[in-house]
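Please open the model in a viewer and keep the sequence panel visible. The tour below proceeds by selection, one stop after another.

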Amino acid sequence: MDGVTFHRQSALRALPAVHRLLAEPAVREKLADLPSALRVSVLQEALAELRAMWAGDGPAEDVWARETGAEAIAARARRAADRKLSPRLRPVLNLTGTVLHTNLGRAPLPPRAIRAVTAVAAGYSNLEYDLASGARGSRHEHVEARLVALCGAEAALVVNNNAAAVLLVLSALAAGGEAVVSRGQLVEIGGSFRIPDVMAQAGVRLVEVGATNRTHLADYERAITPETRVLVRVHTSNYRLIGFTAQPALGELADLAHRHGLPLYEDLGSGALFDFAARGVGDEPTVSFSLRSGVDVVTFSGDKLLGSAQAGIIAGAARWLEPMRKHPLMRALRPDKLTLAALDATLSLYLDDDLAKAEIPVVRMLTEPYEAVARRCREIANRLSPLLAEVDVRLEEVDVTSRVGGGALPQVELPSRAIRLTSPRMRAGRLFDDLRTVPAVPVVGRIEQDAVILDVRTLLPGQEAQLVDSVAEAAGRWFPGG
Ligand SMILES: *Cc1c(COP(=O)(O)O)cnc(C)c1O
């Protein structure tokens, strides 16, 4: 009775019961690795899917026969189990050309950091245990020595992210008092992180000085009162003031603070340990430049230009960091062992510029010459062309501009090379969506002028074959009539 719809009620009643399914060899085999309660729940889920499918009209008889055999239900239950057990947070291929893409997890870790995280995650470690003396140790010691050497600081501390670092510094240095900041530096980072709001959270009264475009040393000087606890500089990491502008030099501001017995604190945001400016990439000041100029305390992110795990780093003079170590917030903001392992390993790569460029993905991506990106783009294009020709998707290689992202170096444009995909039959939005939703490893590009752009700069070494596989998977949906 092909094509004739079953009576709905009888179709649903005739579905096999879970206890019967559990006895079927096909079910036992397909779900052998699952504990019994999970086996029952995924079978119930498979049956619920069939009921939902047939909630309106009942199934045609041939569909019923195909979908309700033990084998088919077992396969459906297996898919449900795989969905439940597979991670929700999963890798994607970044072809947006934005190196520090906050929505895509910011910095990819160096392989050496991944190995360090894996080793520490898998077992016990000397996190707070001094192996030399057998006494209790500090979790901060592991990275402090490296940070001190790399930044030219006396002391260093690590917290969960730079936002936490700003909160801790202001709380420890200025709670109950005043902090002086230029009106040109009242930064919003996004996600509701604004300097004035953080000041309020820390119980600090914000004293704004100067004008949006110009602030002079005398403005700071006039604002200092007996209530002043700190002078604050905020690096305008995600915007630039251009035109008729003025800010006192860091050294001058440091001298002013010190004449009044106050610390100068600078929130650097991105925090470069590598001199990108010397390599022709942007104008980001390095952390050691700030400290050499007389800044007493700096804070910066672990997963922006530094290219490591999410963390906030506080570096500077020991006497100002001491109250932060003992502050009650420290316990709430302290980093975990995985972060410290990643940071420790990443920092070791900054011992040498060439090592940093070769092994820290963020540094490598930001300094990779156009020609090298173009070569990689050509190789990928050669592998994709034949499979895209089959589904009439046109592939071209085009010049594009990559971005730093993550609220760092907003004005920097990195010349790059990309694969551009268009189709006479499908809108760019369709191609883009299909690439983003492949089951294996999603491909995230961008759309420009009704074309999909896949910027090769942000594809990591070793991901080329995965990109080809993922595009092939998406192309499976692009056959005419598909
Ligand atoms: C990014 C940034 C922050 C916040 O850092 P997170 O590590 O994202 O918490 C704070 N201040 C400035 C100036 C920044 O650029």
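Begin by selecting Asp 392, which lies in the loop between α19 (370-389) and β12 (394-405); helices (H or I, at least four residues) and strands (E, at least two) are DSSP runs, numbered from the N terminus. Asp 392 is a residue other than glycine with a positive phi, near 40°. Most residues other than glycine have a negative phi.

This is a predicted model, in which local features need pLDDT of at least 70, side-chain atom pairs count only at pLDDT 80 or more, and totals for chains, interfaces and linings use all residues. Residues are numbered from 1 along each chain as its sequence is written, and side-chain values use heavy atoms, with hydrogens and water left out.

Next, select Arg 106, in the loop between β2 (98-100) and α7. Although Arg 106 is not a glycine, its phi is positive, about 55°. An N or O atom in the side chain of Arg 106 is also 2.9 Å from an oxygen atom of the ligand.

Now display the ligand and the residues around it (a heavy atom within 4 Å). These are Arg 106, Asn 161, Asn 162, Ala 163, Ile 189, Phe 193, His 235, Ser 237, Asp 267, Gly 269, Ser 301 and Lys 304. Both α9 (162-174) and β9 (264-269) supply at least two residues of this shell. By class, the shell has three nonpolar, six polar and three charged residues; Ala, Val, Leu, Ile, Met, Phe, Trp, Tyr, Cys and Pro count as nonpolar, Asp, Glu, Lys and Arg as charged, and the others, Gly among them, as polar.

Two further distances merit display. A polar backbone atom of Asn 162 is 3.0 Å from a ligand oxygen atom, and an N or O atom in the side chain of Ser 301 is 2.5 Å from an oxygen atom of the ligand. The protein covers 93% of the 380 Å² of accessible area (Shrake-Rupley method, 1.4 Å probe) that the ligand has on its own.

Finally, select α7 (residues 111-121) and α16 (residues 337-348), whose axes (lines fitted to C-alpha atoms over the stretch in contact) come within 8 Å and cross at roughly 145° (on a scale from 0 to 180 degrees between N-to-C directions). Residues of α7 in contact (heavy atoms within 4.5 Å) with α16 include Ala 113 and Val 117.

Methods. Polar contact = N/O pair within 3.5 Å; in protein donor to acceptor, adjacent residues only side chain to side chain.
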